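Biologist: Hello! I am new to this structure and would love a close look at how its strands pair. Could you walk me through that part, and then tell me what I might notice on the surface?

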Amino acid sequence: MIQIFHNTVYKPTWLSLMVYCAIGIGGGLGGPFFAPAAFAWDSSQDMWSLHGGYGQSIPGWGATEQRVQTIDVVGRYSHLTIDDVGSGWLKGNYSTLVELPLHFVTDPDTSMLVGINFLACYTFTANNVWQPYIFGGGGPVYSFADIPGMGARWNGNYQFALGVQHRLDSGRFLLFEMRYHHISNGGTEEPNDPLNSLKFLVGFSF
């Protein structure tokens, strides 16, 4: 089903990626073009975090043909944009995330990919210690690696994630997440074999 969806329904382009990023940022910032109050920037509850983990593309998932393995290091800035949404177990908040990811390719080449991500996140805060979250978004990626089927240095990525953050006694968080991660050049160059990957990351806020 995922393969059918990916091949026939959703074929992202650079324009769609920019639109989704704009929606994520605009929505996350509380609609800055429609809500003047959003210009009062409050960073008192913002958070920085550093994440590390492992990722691997899966041949046969969508149009992915190449198995690419990476060690991932991701710096993240989280801006709390809308607090105290919903009630009961749905209670939570919206955040806008900006990430600077470094993907160190270990196979089939030894090189790296770098990028920037703009993401919209919802965190479930009914429990004060264990808080699940979901997010999605994307951004540009530049590849230094020579990966068969990747016909361009400049590419785009989009991703969706499930995670949970654990509040420590110090007030900081340990974060655990699993991501679906897609990279392609959106048809701007040939060949354009996408990389559909799963990534597993562990993070620490500071």
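Modeller: Happy to! Two strands are said to pair when DSSP finds at least two bridges between them. Please keep in mind that this is a predicted model.

Let us begin at β7, which covers residues 154–167. On one side, β7 pairs with β6, residues 130–143, in the antiparallel sense, and 13 bridges link the two. To find this pairing on your screen, look for Phe135, which stands opposite Ala161 of β7.

β7 also pairs with β8, residues 173–184. These two strands run antiparallel as well, joined by twelve bridges. Here a handy landmark is His166, whose bridge partner in β8 is Leu174. Together β7 and β8 make a hairpin, with five residues between the strands. Within that turn sits Gly171, with a positive phi of about 90°.

As you follow any strand, one general point helps: in a regular strand, side chains alternate between the two faces of the sheet.

Now for the surface. A nonpolar patch there has about 810 Å² of accessible area in total, and its members include Trp48, Leu50, Tyr54, Val73 and Phe206. β1 (47–57), β2 (69–85) and β3 (92–107) each supply at least two of its residues, and β1 gives the most, with three. Val73 lies in β2. Its relative accessibility is 33%, so Val73 counts as partly exposed, because that class lies between the buried limit of 20% and the exposed limit of 50%.

Terms used. Residues are numbered from 1 along each chain as its sequence is written. This is a predicted model: local features need pLDDT of at least 70, side-chain atom pairs count only at pLDDT 80 or more; totals for chains, interfaces and linings use all residues. Side-chain values use heavy atoms; hydrogens and water are left out. Patches are made of residues with over 30% relative accessible area and no salt bridge: like charges are joined within 9 Å, nonpolar side chains (Val, Leu, Ile, Met, Phe, Trp, Tyr) within 5 Å. Accessible areas come from the Shrake-Rupley method with a 1.4 Å probe; for residues, only the protein chains shown count as cover. A salt bridge is a side-chain nitrogen of Lys or Arg within 4 Å of a carboxyl oxygen of Asp or Glu. Helices (H or I, at least four residues) and strands (E, at least two) are DSSP runs, numbered from the N terminus. Buried means under 20% relative accessible area, exposed over 50%, partly exposed in between (1.4 Å probe, protein chains only).
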